[in-house]
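Student: I'm new to this one and would like a close look at a single part. Please start somewhere inside, then show me what surrounds it and how other pieces are held against each other.

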Amino acid sequence: APVVYDVVVVGSGGAGLAAAIEACDHGASVAIIEKMPTIGGNTIKASVGMNAAETHFQILKGIKDSKELFYDETFKGGKFKNNTQLLSEFVQQAPEAIDWLASHGIELNDITITGGMSIDRTHRPADRSAVGGFLISGLVKNINTRNIEVLLETSVAEILFANGAVTGVKVVDEYNDSRILHAKSVIVATGGFSANREMVAKYRPELDGFVTTNHKGATGSGIAMLQKIGADTVDMKEIQIHPTVEQTTSYLISESIRGGGAILVSQAGLRFFNEMETRDKVSAGIIALPEKSAWIIFDEHIRLNNKAADEYIGRGFVISAATPEELAVKINMDPAALQATLKRFNQFVGQQNDEDFGRTTALRYPLSLSPYYAIRVAPGVHHTMGGVTINVETSVLDTRKQVIAGAWAAGEVVGGIHGANRIGGNAVADIIIFGIKAGRNAAEYALG
Ligand code: ADP
């Protein structure tokens with residue numbers, strides 16, 4: 001007998017899981033198809049948090065924020081290339097997405113900041129741990145209580161399309177057996193293509209050879225499958241490199257370390273850039289250094305306020321020392337230069353004015369509490385802003401901007417929301433906001 005679902009979700013990252021939960025709660029029968037052996041996609045690696053303005057968690061903390069400012073800063077960070085309709089929807093729905101998570105047992109009630117933002121609006125778990133693991137484990141609990149089927153090590157090879165509408169998917173399992181799953185709605189939540197070296201090099205030859213922070217399932221297969229049924233794409237050349245990636249492990253050093261007050265210094269022991277600028281600019285600043293890498297320097301104050309720091313220490317790539325001089329010696333840096341840099345930066349923190357690089361945020365503490373820490377970082381391929389085109393209802397659009405019936409997409413597979421540069425903390429917001437929407441709309445369409 002044919003296997004029939006109302007909604008098939010392709011991909012088990014944040015967008016796919018949120019979509020599946022919401023589709024189920026709207027009465028649909030749902031299956032999630034995941035090509036990797038584990039759930040969570042690249043979302044599980046998300047570090048800093050989820051941006052939203054005018055949330056009740058901000059109000060509880062006395063943070064005054066506005067949706068207009070969130071919109072303007074995201075638009076400016078995206079070099080005014082963002083799809084304005086999608087961006088408006090994103091900003092508008094963000095507080096509700098924070099509440100949706102809370103009502104599903106996933107509270108992001110601590111708040112920090114990322115580069116390109118002027119206000120603390122990056123929501124993260126109360127224990128200040130990385131958002132990705134927390135988010136995925138919370139979503140998986142919701143998948144389990146609803147008995148939603150998840151097929152692991154099974155990839156969608158093709159989206160089936162007949163008489164002007166999607167009819168299902170062809171899947172291939174770990175034994176290479178293929179079969180058809182029928183569904184009126186297919187939600188493509190397959191993530192980006194940062195781990196597809198050929199595809200990255202095709203659009204941006206100069207990025208060939210860069211490490212990537214992404215899991216190896218980030219191959220962009222959803223884009224190709226949707227193109228086959230007529231979908232259009234946008235901004236495919238907009239590929240984000242993240243400035244602070246530990247190169248021996250490709251491990252991303254969270255923006256929350258800088259957001260907690262850390263600085264970047266060159267091998268010469270000098271600051272060289274506003275560390276809280278957007279990712280594209282900070283990356284360019286590092287690449288412009290003769291050594292094409294930098295040291296992220298922080299102190300015990302910052303470690304105490306950020307669980308990620310302990311994780312990095314546990315991974316063995318953090319160099320620590322009791323004094324700045326000792327730290328400098330260990331990393332082959334002129335001790336006098338590093339000391340002078342710290343002294344000058346600490347003076348800027350005291351006066352809340354960075355005279356050298358105009359950093360206006362995260363001037364939190366003087367870097368003066370022993371021990372001191374250093375991690376060597378350089379940019380790595382991190383996020384693909386481009387992808388398939390959708391409307392605000394998450395319907396996939398063809399090259400004439402017409403809806404492809406039954407095809408929905410959410411998350412990093414979609415292009416346009418982030419324009420030419422994604423702001424840290426906006427990917428998690430994107431996947432949850434549009435994941436919920438895709439789930440709801442796909443269910444209503446399939447059942448309607
Ligand atoms: P997002 O952040 O947009 O939710 P993620 O990268 O977190 O995206 O998750 C996307 C998931 O989709 C990954 O787990 C990836 O392995 C999975 N995936 C990608 N292509 C396919 C495919 N063709 N079939 C099944 N799963 C896929």
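Tutor: Let's call a residue buried when its relative accessible area is under 20%, exposed when that is over 50%, and partly exposed in between (1.4 Å probe, protein chains only). Keep in mind that this is a predicted model: local features need pLDDT of at least 70, side-chain atom pairs count only at pLDDT 80 or more, and totals for chains, interfaces and linings use all residues. Numbering starts from 1 along each chain as its sequence is written, and side-chain values use heavy atoms, with hydrogens and water left out.

Our part is helix α9, residues 279-287 (helices, H or I with at least four residues, and strands, E with at least two, are DSSP runs numbered from the N terminus). In α9, the buried residues are Arg279, Asp280, Val282, Ser283, Gly285 and Ile286. They pack against quite a set of neighbours: β11 (239-246), α8 (255-259), β13 (263-265), β14 (294-299) and β16 (372-384).

Now step over to strand β14, where you'll find alanine 294. Alanine 294 is buried, with a relative accessible area of 1%. Leaving aside residues up to four places away in sequence, alanine 294 touches Val265, Phe272, Ile286, Leu289, Ile375, Arg376 and Val377, where contact means heavy atoms within 4.5 Å. Ile286 has already come up as one of the buried residues of α9. Alanine 294 and glutamate 255 are 39 residues apart in sequence, and their C-alpha atoms are 14 Å apart in space.

For a similar view elsewhere, try glutamine 58 in helix α2 (residues 56-60). With 1% relative accessibility, glutamine 58 counts as buried. Its contacts, again not counting residues up to four places away, are Ala52, Ala53, Ile63, Asp65, Ile111, Ile119, Asp120, Arg121 and His123.

Next, helices against helices. Two packed helices are described by the angle between their axes and the distance between the axes. Axes are lines fitted to C-alpha atoms, for helices over the stretch in contact, and angles run from 0 to 180 degrees between N-to-C directions.

Take helix α1 (residues 14-25) and helix α5 (residues 131-145): their axes come within 10 Å and cross at roughly 30 degrees. That makes α1 roughly parallel to α5 (under 35 degrees is roughly parallel, over 145 roughly antiparallel, 65 to 115 roughly perpendicular, and the rest oblique). From α1 the contact uses Gly14, Leu17, Ala20 and Ile21, and from α5 it uses Ile136, Leu139, Val140, Asn142 and Ile143. Sorted by class, these are 7 nonpolar, 2 polar and no charged residues (Ala, Val, Leu, Ile, Met, Phe, Trp, Tyr, Cys and Pro are nonpolar, Asp, Glu, Lys and Arg charged, and the others, Gly among them, polar).

α1 also packs with α14, at an angle of about 40 degrees and with the axes 7 Å apart. Here Gly14, Ala15, Ala18, Ala19, Glu22 and Ala23 of α1 meet Ile431, Ile432, Gly435, Ile436, Gly439, Arg440 and Ala443 of α14. That contact has 8 nonpolar, 3 polar and 2 charged residues.

Finally, the charged pairs. A salt bridge puts a side-chain nitrogen of Lys or Arg within 4 Å of a carboxyl oxygen of Asp or Glu, and the whole structure has 25 of them. In one, the side chains of lysine 437 and glutamate 89 meet at 2.6 Å, N to O. Lysine 437 sits in helix α14 (residues 426-447) and glutamate 89 in helix α4, so the pair ties together parts that are 348 residues apart in sequence. Both lysine 437 and glutamate 89 are buried.

Another salt bridge joins aspartate 110 and arginine 128 (3.3 Å, N to O). Aspartate 110 belongs to strand β4 (residues 110-112) and arginine 128 to the loop between β5 (122-124) and α5, so this one links parts 18 residues apart in sequence. Aspartate 110 is buried at 8% relative accessibility, whereas arginine 128 is partly exposed, at 28%.

A third pair is arginine 197 with aspartate 208, at 2.9 Å, N to O. Arginine 197 lies in helix α6 (residues 197-203) and aspartate 208 in the loop between α6 and α7 (221-228), so they connect parts 11 residues apart in sequence. Aspartate 208 is partly exposed, with a relative accessible area of 42%. There's a network too: salt bridges that share partners join Arg271, Glu275, Asp354 and Arg359.
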